Amino acid sequence: MTTSVHQLDDGAWVSVNDSREVNVSDLWRLARHDFCPCRLADFLAEGFVEVAPDGADVEARVAGQCIQCGTSGVTDWLTLGRVDPDTGAFRPVVPESVHVPGRRSRRATPLRR
Ligand SMILES: [Zn+2]
């Protein structure tokens, strides 16, 4: 099954399989990121810059700002949710939980220790 992912309305929405699923106005908690100096950033999402499927996951780079320190910019790839392979239904992540931005296909690369 192929997942089709698009951004709509100048990055305000992400559509998954032609259904509007994720709105941009969420607050995300980011950990282990290099977006700003905060150990745990409170990132206010303002626009989806790039979206892409990664297997069953839907990932995006998001423009916005940290409301703690005021840094604005674009994040690395964040997982927005996952498509259930059986039903095709999109299950979003909880933005307020802690997320770790990463490079694309980091999951395919074994971590070196
Ligand atoms: Zn910050």
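Here is a chat about salt bridges and a zinc site in a predicted model.

Colleague: Let's start with the charged pairs. How many salt bridges does a search of the whole structure find?

Modeller: The search turns up five. One of them joins the side chains of D42 and R29.

Colleague: What makes D42 and R29 a salt bridge?

Modeller: The N to O distance is 3.0 Å. The cut-off is within 4 Å, for a side-chain nitrogen of Lys or Arg and a carboxyl oxygen of Asp or Glu, so the pair counts.

Colleague: And where do the two residues sit in the chain?

Modeller: D42 is in strand β5 (residues 40-54) and R29 is in strand β4 (residues 27-31), so this pair links distant parts of the chain, 13 residues apart.

Colleague: Why is D42 called buried?

Modeller: Its relative accessibility is 14%, and buried means under 20%, so D42 qualifies. R29 comes in at 28%, which falls between 20% and 50%, so R29 is partly exposed.

Colleague: How do you know that E50 and R61 form a salt bridge?

Modeller: Their side chains meet at 2.8 Å, N to O. That is within 4 Å, so the name fits. E50 belongs to strand β5 and R61 to strand β6 (residues 57-66), 11 residues apart.

Colleague: Are E50 and R61 buried or partly exposed?

Modeller: E50 has a relative accessible area of 34% and R61 has 23%; both values lie between 20% and 50%, so each residue is partly exposed.

Colleague: What about R82 and D57, which also meet in a salt bridge?

Modeller: That one is 2.8 Å, N to O. It links R82 in strand β8 (residues 78-83) with D57 in strand β6, 25 residues apart. D57 is at 6%, under the 20% limit, so D57 is buried. R82 is at 46%, which is not over 50%, so R82 stays partly exposed.

Colleague: On to the metal. Which residues are the protein donors of the zinc ion?

Modeller: C36, C38, C66 and C69, each through its SG atom, lie 2.3 to 2.4 Å from the zinc ion. Donors have to be within 2.8 Å, so these sulfurs make the cut. Along the sequence the spacing reads C-x1-C-x27-C-x2-C, and both C36 and C38 are buried.

Colleague: Why is the arrangement around the zinc ion called tetrahedral?

Modeller: The four donor atoms subtend angles of 108 to 112 degrees. Tetrahedral needs all angles between 85 and 135 degrees, so the label holds.

Note on methods:
Residues numbered from 1 in each chain as written. Predicted model: local features only at pLDDT ≥ 70, side-chain atom pairs only at ≥ 80, totals over all residues. Heavy atoms only, no water. Helix = DSSP H or I, 4+ residues; strand = E, 2+ residues; numbered from the N terminus. Buried < 20%, exposed > 50% of the residue type's maximum accessible area, 1.4 Å probe, protein only. Donors = N, O, S within 2.8 Å, 3.2 Å for Na, K, Ca; no water. Tetrahedral: all angles 85-135°; square planar, octahedral: opposite > 155°, others 65-115°.
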